[in-house]
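I went through this one with a notebook open. Here is what I looked up, entry by entry.

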Amino acid sequence: MARYQIIFAYDGTQFVGSQRQAESRTVQSVLESALRKLGWDGRSILLAGRTDTGVHASGQVAAVDLNWSHSEDALRSALNSSLPQDVAVASALKVDDKFHPRFDAVARHYRYRLYLQTVRDPLRERYAWRVWPAPEAALLSETAAILIGTHDFSAFGSPPRANGSTVRTVTRSEWNSDGDQMTFDVVADGFLYRMVRRMVFAQVAIGLLRFPLDVFRLAVENQSPLPAGLASPAGLTLVEVKY
């Protein structure tokens, strides 16, 4: 018996989030089903964190204790042969028995995608939020810079556990443009529930001149609430969990 770190990707469109739920198709339940075909009889795998319905991942991390007598590459291949087309394991590595994908993480990287078009594009809707008119890029960059540092982000989301801390440290927050696409990359030591989607919604609203920058600044300083709203889950991807 050994503990394995599994790094995997998924298209979240057809999942009701990552965390197992009764009678619903979730990323966790699909991965656990594939593991059971390999002889795993545990109660639950460990995940680095949960993602909402419709949110994607290119670098989600799980840990599982498994009696496996073959190579790590063979484990990856065996899992991929049992997983559906919208989930794929990139690597399966033997790790220390005490490794925990959530509590050992030092940072997480999320990316949010916008595309700027007057009409919807069915080939892009699954992985980006369509916004029109285009928000002002300079305002987006200015709001993103405000997020860097250690702040009480209670205006942006709720903690994963009741009465948990809402203080997080953001080390990267930036927008980039490429043609009619804009991406927001944010790295922090942790995220609140729906924090990134609320960040993006508020920044886009400011970029569209729907409310002033000072409202955002005060919310980051935990002195006022943000106007309600969430960016589409389709545009959000968990890129990497850092250890």
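**Entry 1: strand 5 and its partners**

I began with a single bridge: Tyr112 has Leu236 in strand 10 as its bridge partner. Helices (H or I, at least four residues) and strands (E, at least two) are DSSP runs, numbered from the N terminus. Note to self: this is a predicted model, where local features need pLDDT of at least 70, side-chain atom pairs count only at pLDDT 80 or more, and totals for chains, interfaces and linings use all residues. Residues are numbered from 1 along each chain as its sequence is written, and side-chain values use heavy atoms, with hydrogens and water left out.

Which strands does strand 5 pair with, and in which sense? I take two strands as paired if DSSP finds at least two bridges between them. Strand 10 (residues 236–242) runs antiparallel to strand 5 over 6 bridges. Strand 9 is also antiparallel to strand 5, over 8 bridges, and there Arg108 has Ala188 as its bridge partner. Strand 6 pairs with strand 5 in the parallel sense over 2 bridges, with Leu114 opposite Trp129.

I then checked burial, with buried meaning under 20% relative accessible area, exposed over 50% and partly exposed in between (1.4 Å probe, protein chains only). In strand 5, 7 of the 9 residues are buried.

**Entry 2: aromatic pairs**

How many aromatic pairs does the whole structure hold? My search returned 9. The criterion: rings of Phe, Tyr and Trp (its six-membered ring) pair if their centres lie within 6.5 Å; planes under 30 degrees apart are stacked, over 60 edge-to-face and the rest tilted.

I looked at Tyr110 and Phe191: the ring centres are 5.0 Å apart and the planes sit at 80°, so I logged the pair as edge-to-face. Tyr110 is in strand 5 (residues 107–115) and Phe191 in the loop between strand 9 (181–188) and helix 4 (195–207), so the pair ties together parts 81 residues apart in sequence. Tyr110 is buried at 10% relative accessible area, and Phe191 is buried at 12%.

Trp129 and Phe201 make a stacked pair, 6.4 Å centre to centre with 15° between the planes. That pair links strand 6 (residues 129–130) to helix 4, 72 residues apart. Phe201 is partly exposed, at 22%.

I also found Phe8, Tyr10 and Phe15 in one aromatic cluster.

**Entry 3: charges over rings**

My test was NZ of Lys or CZ of Arg within 6 Å of the ring centre and within 35 degrees of the ring normal. Arg25 lies over the face of Phe15, 4.1 Å from the ring centre. Arg50 has its charged end over the ring of Tyr193, at 4.3 Å from the centre.

**Entry 4: helix 5**

Which residues of helix 5 (residues 213–220) are buried? I get Leu213, Phe216, Ala219 and Val220. Their arc around the axis is only 125°, so they are on the same side of helix 5; the arc is that of the directions from the helix axis to the C-beta atoms. These buried residues pack against helix 3 (137–147), strand 7 (149–152) and helix 4, where contact means heavy atoms within 4.5 Å. Asn222, which follows helix 5, has a positive phi, near 60°.

**Entry 5: Phe99**

Last lookup: Phe99 is in the loop between strand 4 and strand 5, and is buried at 9% relative accessibility. Leaving out residues up to four places away in sequence, Phe99 touches Arg3, Gln5, Val61, Ala63, Asp104 and Tyr243.
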